[in-house]
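Reader: I am in my first year, and I would like to learn how the words used for a structure are justified. Could you show me the structure and then take my questions one by one?

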Amino acid sequence: MRSTPTWALLLCGAVLCAPVALSAQSWRTVTMSRQRSGEQDLRVHVTYGAGRFKVRSVDGGLLYRMQLRYDEDVFEPRVDFEGSSLHLGVENVGKSIRMGKNQGGEMDLVLARDLPMDLDLEFGAVRADVDLGGISMTGLHLKTGASESVVDITEPNSSSMRRASFEVGAADFTARNLGNLNARSVEVNAGVGEIELWFTGSWSQDASVDLTMGLGSLELVFPEGLGVRLTKDSFLTSVDTEGLVKRGDAYYSLDWEDAERKVTIDLNAAFGSVDVRWVR
Amino acid sequence: MSRFRNALLGLVLTALLVPGLVRGQERTVVSKEVSVGRSETALRLEFSDGEELEIALRDGSVLIDGSEVGSYSAGDALEAAWRSLLGGAVALDDGPLSAMLRDWSPPQELDGTDRELAGRIDATLEEALSARAAPDAPDAPSVSLSLGESDGALVRALIGHLGRLTTLEEALEGVDSKIQLHVDEDVTVGAGETLDGNLVVVQGDVRVEGTVTGNVVVVDGSLELPEGGRILGDVRLADAELDRAGGTIEGELIDVAELSSNVETDLRERLRNELREELRSEIRSSVGGRDSSWGLFSPVRGVFRGVAGLLENIIAVVILGLVGMGIVAFAPENLEAVAETARRTPGRAAMVGLAGSFLLIPVWILGAVALAVSIVGIPVMIAWLPLFPLAALAAALLGYVSVARNTGEWLADSGYRYTDWIRKSNPVYTVVGGLVGLMAAFMLANLLSIVPFFGFFRGLLNFVGVMLTIVAIQIGFGAVLLTRAGRRPEYRGNRDFDEAWARAVDVDMDVDADSADAPSEASTDA
């Protein structure tokens, strides 16, 4: 009977969790939107915990439109708009604990095109599909938890930004067309997972990229013609530097000197693999 | 053309003075919220004039701006019609949304009270969405505007340099009642005349010979105040000069440019002070952090340090004792197995413990890597990262408590005067006694630190204490690993039956069979 306490614990846990797990989720759908009213620029902070998350840009006089599907017993939408600051998201109302929380929840967000925005996106365990094309970004900070995220900048950013930063937790993360960010500096800080960074897009200025990778695999995809200089500081990491030649402490793309736009990458990785790939 | 430019400037200035007048003539929807849930279907609108409208069907009640106007049943025709309307409204904004809501009319199939309620909703929407004149604000300022005839240089200056507009805004702060505004023209308030309200002059000269009952604001010009001239309010000058020749100002004389510069200076000074304070506190903390043993109060400090150290030791014994009591209460067999293994094979347990300690971090990292390579493993890895160190800590605690129990038993057997209180039959006593024994070196060191000039011995005792703790943890941890946290007692090692017998009868016998007088040398300890 040595295992009696274990069984007793499991039984207690099951009894405690059963009503929670069995209770039906109560879904609510909310659509919120606001018209532009002479805003010159905007600081946008979006937070979303779990579910599916989409971001797009929109033409016309709309400042934002947010469509949410959430469990109304657990979450409530949050919209704070004040002057040049906009905070959107859902927050936990803490009425009950539910297994799987917002699985099935959705946030579909559209933001005004061509309105200069300092964009701060923060999401947790979500499946994110973020298209930042057309959004005029003066700054970008994206933070994810355990997510599966695709960030695509499908159109060149009409504003110039000093820094774009991506903080990736334990995630499958893909960023495409980073050249369209029009950023002087890009910072990617990844914890654990599979990271894919596409340096495609239209590079309107030279840029420096600071990559820090914990555990997992990192794939760097460069378009032909882009000048790349890569320095690395790695520990227990295999680095495949296809298409790069080593000169001194750094790896250079073959056409580094002649390249119209140059990207300098400082890579810091531990435990994993880094692969370089070239595309037309 | 200059007239047009001045008119433009006038509009800008009027907007600065009366922000309320330039908004809200049109009833447009600036914000929309459509909410569809199990027990609620709601529409919330915010209009450009700041007003809001909420129509909701919630928990059987029809609510307009929070007031109940009727009731409905879930799934009835009224709710269906309302949901259908909101279904169309979800995708629309601004003009098309307003048009759609305004054009909505109750469906024909509704009858009775449902139709009446739908009609009320319809009327509410139409009323709310129809353009309405701005309400007369009782305290709205009246502005009379007068523009000069110059060539528009001022317009260029003001619009080309936003700083001027900022200055003007500062100058006009708080001036919100009756205002007479003159742009690019000179103004004279003649002797005996009274100007009722505020006078604002932009790029113009003002001469006040009579009385102005409000404030006088001059931007980019001059103010002449001869004898007999009287201003009952404040005088605010922005890039303007004052020629005060005997006139009186009953309010304050404010130089806006100076004011701005003062604010800037204040801010700079405050920042400088904050930085200075920050630096001072940094220096203070870094200096204060040093242990100057030769200070005036160093003996007193030694006493405090010793007493504090002793208290720390006692708290540690209490906490570890509570942990030990928990283990004795809930896992006595595991404790017994680990303690026995540590007692019988301390060398082996220490080696295993040492190897285990070295392998802890690599195992932790490799485990995380192995889990991280697959998406399925990532959630497990998230649990692995914090739980593995916790498990290692728990193992170390169990091991340490087990070694403490052995130490306690040894102390109970030792017959020392101060260990009489340790009752061997009670594992709680032996665990607590052992903990005191293992920490005795630290306690003595702290006691010695109260007495001056014993620094060397204090250091030596601390070193002994640290070594003892490390050895105890290594032996205990190794015993935990060998016995799989006490679940495999066979790792205790081979039984020493002689010792088991001696322990059973609590008798120490030392018999030398070869000795001729063996019987007489046999000693018995009862």
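Reader: What makes strand S9 (residues 148–152) of chain A and S10(A) a pair, and in which sense do they run?

Author: This is a predicted model, and in it S9(A) and S10(A) are joined in the parallel sense over 5 bridges. Two strands pair if at least two bridges are found between them, and therefore the 5 bridges of S9(A) and S10(A) meet the condition. One place to look is Val151(A), which stands opposite Ala175(A) in S10(A).

Reader: Which other strands pair with S10(A), and how do you know that they do?

Author: Strand S8 (residues 137–144) of chain A pairs with S10(A), residues 161–176, in the parallel sense, and 5 bridges connect them; there Lys143(A) has Glu167(A) as its bridge partner. Strand S11 (residues 183–198) of chain A also runs parallel to S10(A), with 13 bridges joining the two, and in that pairing Ala164(A) is matched with Val186(A). Since pairing asks for at least two bridges, the 5 bridges to S8(A) pass, and the 13 bridges to S11(A) pass as well.

Reader: How many helices and strands does chain A have, and how much of the chain counts as buried?

Author: Chain A contains 1 helix and 16 strands, and 40% of its 280 residues count as buried, where a buried residue needs 20 or more other C-beta atoms within 10 Å of its own. If we take the contacts in chain A between residues at least 6 apart in sequence, 59% of them join residues at least 24 apart.

Reader: How many residues does each chain bring to the contact between chain A and chain B?

Author: The contact takes 22 residues from chain A and 20 residues from chain B. On the side of chain B that touches chain A, the elements giving two or more residues are strand S1 (29–36), helix H10 (346–372) and helix H11 (377–414) of chain B, and the largest share, 7 residues, is given by S1(B). By kind, the residues on that side are 12 nonpolar, 3 polar and 5 charged.

Reader: In which sense does S1(B) pair with strand S1 of chain A, and which residues are bridge partners there?

Author: S1(A), residues 27–35, and S1(B) pair in the antiparallel sense over 6 bridges. Thr31(A) has Val34(B) as its partner, while Met32(A) is matched with Glu33(B).

Reader: Why is S1(B) called largely enclosed?

Author: Because 6 of its 8 residues are buried, S1(B) is largely enclosed by the rest of the structure. Within its own chain, S1(B) also pairs with strand S2 (residues 40–47) in the antiparallel sense over 7 bridges, with Val29(B) standing opposite Phe47(B), and S1(B) and S2(B) form a hairpin with 3 residues between them.

Reader: Why are strand S8 and strand S17 of chain B said to stand at the edges of their sheet?

Author: The sheet in question is an open one of 4 strands in chain B, ordered S8-S11-S14-S17, with parallel pairing. S8(B), residues 187–189, and S17(B), residues 241–245, each have a single partner strand, so one side of each is left without a neighbour in the sheet. From one strand to the next, the twist averages 10°. For S17(B) the pairing is with strand S14 (residues 222–226) of chain B over 5 bridges, where Ser222(B) stands opposite Glu241(B).

Reader: How do you know that helix H12 of chain B is close to its expected span, and where is its kink centred?

Author: H12(B), residues 427–450, has 24 residues and reaches 34 Å from its first C-alpha to its last, close to the 34 Å expected at 1.5 Å a residue. A kink of about 55° in H12(B) is centred on Met439(B). H12(B) is also mostly covered, as 17 of its 24 residues are buried.

Reader: Why does Gly197(B) count as partly exposed?

Author: Gly197(B) has 19 C-beta neighbours inside 10 Å, and since a buried residue needs 20 or more and an exposed one has 12 or fewer, Gly197(B) counts as partly exposed. Gly197(B) lies in the loop between strand S9 (194–195) and strand S10 (198–202) of chain B. Gly197(B) and Gly214(B) are 17 residues apart in sequence, and their C-alpha atoms are 4.7 Å apart in space.

Methods: Residues numbered from 1 in each chain as written. Chains lettered and ligands numbered in written order. Predicted model: local features only at pLDDT ≥ 70, side-chain atom pairs only at ≥ 80, totals over all residues. Contact = placed C-beta atoms within 7 Å. Nonpolar A, V, L, I, M, F, W, Y, C, P; charged D, E, K, R; others polar. Expected span 1.5 Å × (residues − 1). Bend = angle between axes of the 7 residues up to and from the residue. Axes fitted to C-alpha atoms, helices over the stretch in contact; angles between N-to-C directions.
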